[in-house]
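Here is a friendly walk through one strand and a few charged pairs. Have the sequence and the 3D view open as you read.

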Amino acid sequence: MKALHRALPFWARITLLAGVVGVVAGAALISFQLYRRPAVLTLAVGSSDGDARQIASLLAGRLATTNSPVRIRIENAGNALDAAKLFAVRKVDLAIVRADAGDLHEGRAVALTARGVLTIVAPPGSGMTDITKLRGHTVGVVDGEINHGVVEVLKKEYALDRANVVFRDLRAADARQALQSKEVSALLLVAPLTEKHLAWIKSLFREAASSSPILIPVDAAGAIAGGKGPYESFDIPKGTLRGAPAAPADDVTTLRVGYYLVANRHLSATVAGDLARKVMSARRDLVGEQPLLSGIAAPDLDADAFLPVHPGAAAFFNGTQESFMDRYGNAIYLTPMVLGALASVFAAAWRFLGVRSSEAGAGVLEELYGLSARIREAPDEAALSAIEAEIDTSLHARLAGLAGEEDMAAGATMLIAATHRLDNLVHHRRVMLVSTGLVDPEIGVASLFADDTGKANVPRTANLCGEEGAL
């Protein structure tokens, strides 16, 4: 530190310290702003009917208007399969995907957004009342590739390849024409049982008062779902297509699969938990205005679920999400320690600048110099002796205060100069008193060379140097 004091002038030291403080303050401000900045996640969505994008837009708008710590930027992927592909190559942070579509080994469920029901429908009066009746017929697969997974499951379960059942991909817009031209004998689709989708299914057929489309059951749904795959058994309720007369006349067993909001498994648990909390809050607040959000629910929280839940989302749904103290307790505990360390750094910087409190030293010097007028006006030897006693007291007090200080030598030098000045004044005043006869010449002359004990009067500056021999 002394070497720096000698090498750098005061202005250079204060400039250097100001630069360091500026850098630290800037880093702290940037860190605080980064901490407060919401996490912006890219969400890939896509569906043939546009519902997935609409749900995502509603959620994104809600998160933005409620000052959420998590925000969503939507990436339109075309359909759910394309969204899954974007997610698999890590081009997006989130995606709304179907559980049986694409590579989701890096995905973790945050929320269930909807459930698609496998519907195999045949024209009224066709006589296709179960899957075995499809032998030798062509089945149109609406939306094509995304439903290839469920088609393979049905082929394997019912040996449809040996039954000469042909599956042909169709666009939703071409389904009606394919039925009317008898290019296909039945349709296979996976969609939520919403009013919109049911109305579209009924619009494909000429429905009469006494007949309605035939829903073909998947009787082996329980066995298929038992394999812990993406599918679960589900019964389409009686009267789903029409109330009176009821169509279907009885519950129809089939499969259903979930659509999930998934996040990368490496996403922060805190961010995933906040996202799950905000999604469920938006569902609660907006479902009355937007029925599309009614399908949002907690994902499967079981440890052996086909699509595992994200740990952050699981903590929210299980009520074990970290509280404020859980999250920031360590920081609160460490803050006093950090402040103490900063205080030490500040003290070191203060010493580096060479700025020290001079109140004590200045007080002693002012007191000593204040004795000058009293010395010049001292009426007799007794007054001079009293002043000398005060000088001795002040010197001893200041010497005790200088012990161990870094600038001890400089302080002692100032004291020597002040004391030497006062000694000269006392000597001069004593000579004047002797010359004017106010002091007995014998006593006055003797006092010039002896102290009160009769010993030789050694100048105080010599005493000072003797007491602080190192100086």
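## A covered strand and its salt bridges

Strand E4 (residues 107–122) runs antiparallel to E7, and the two pair over five bridges. Please keep in mind that this is a predicted model. Within that pairing, Val-121 stands opposite Leu-187 of E7. Strand E5 (residues 138–142) also pairs with E7, here in the parallel sense and over three bridges; Val-139 has Ala-186 in E7 as its bridge partner.

How covered is E7 itself? Strand E7 spans residues 186–191, and six of its six residues are buried. In a regular strand, side chains alternate between the two faces of the sheet. On one side of E7 sit Ala-186, Leu-188 and Val-190, on the other Leu-187, Leu-189 and Ala-191, and all are buried.

Now to the charged side chains. The whole structure holds 17 salt bridges, including these three:

| Pair | N to O distance |
|---|---|
| Arg-62 and Asp-285 | 2.6 Å |
| Arg-98 and Asp-100 | 2.7 Å |
| Glu-381 and Arg-430 | 2.8 Å |

Glu-381 belongs to helix H13 (residues 381–402) and Arg-430 to helix H14 (residues 408–436), so their salt bridge ties together parts 49 residues apart in sequence. Glu-381 is buried at 16% relative accessible area, and Arg-430 is buried at 4%. Arg-62, Arg-284 and Asp-285 are joined into one network by salt bridges that share partners.

The salt bridge between Arg-62 and Asp-285 links helix H3 (residues 51–65) with helix H9 (residues 269–286), across 223 residues. Arg-62 is partly exposed at 24% relative accessibility, as is Asp-285 at 36%. Arg-98 and Asp-100, in contrast, are both buried.

Methods
Residues numbered from 1 in each chain as written. Predicted model: local features only at pLDDT ≥ 70, side-chain atom pairs only at ≥ 80, totals over all residues. Heavy atoms only, no water. Buried < 20%, exposed > 50% of the residue type's maximum accessible area, 1.4 Å probe, protein only. Helix = DSSP H or I, 4+ residues; strand = E, 2+ residues; numbered from the N terminus. Pairing = 2+ DSSP bridges. Salt bridge = Lys/Arg side-chain N within 4 Å of Asp/Glu carboxyl O.
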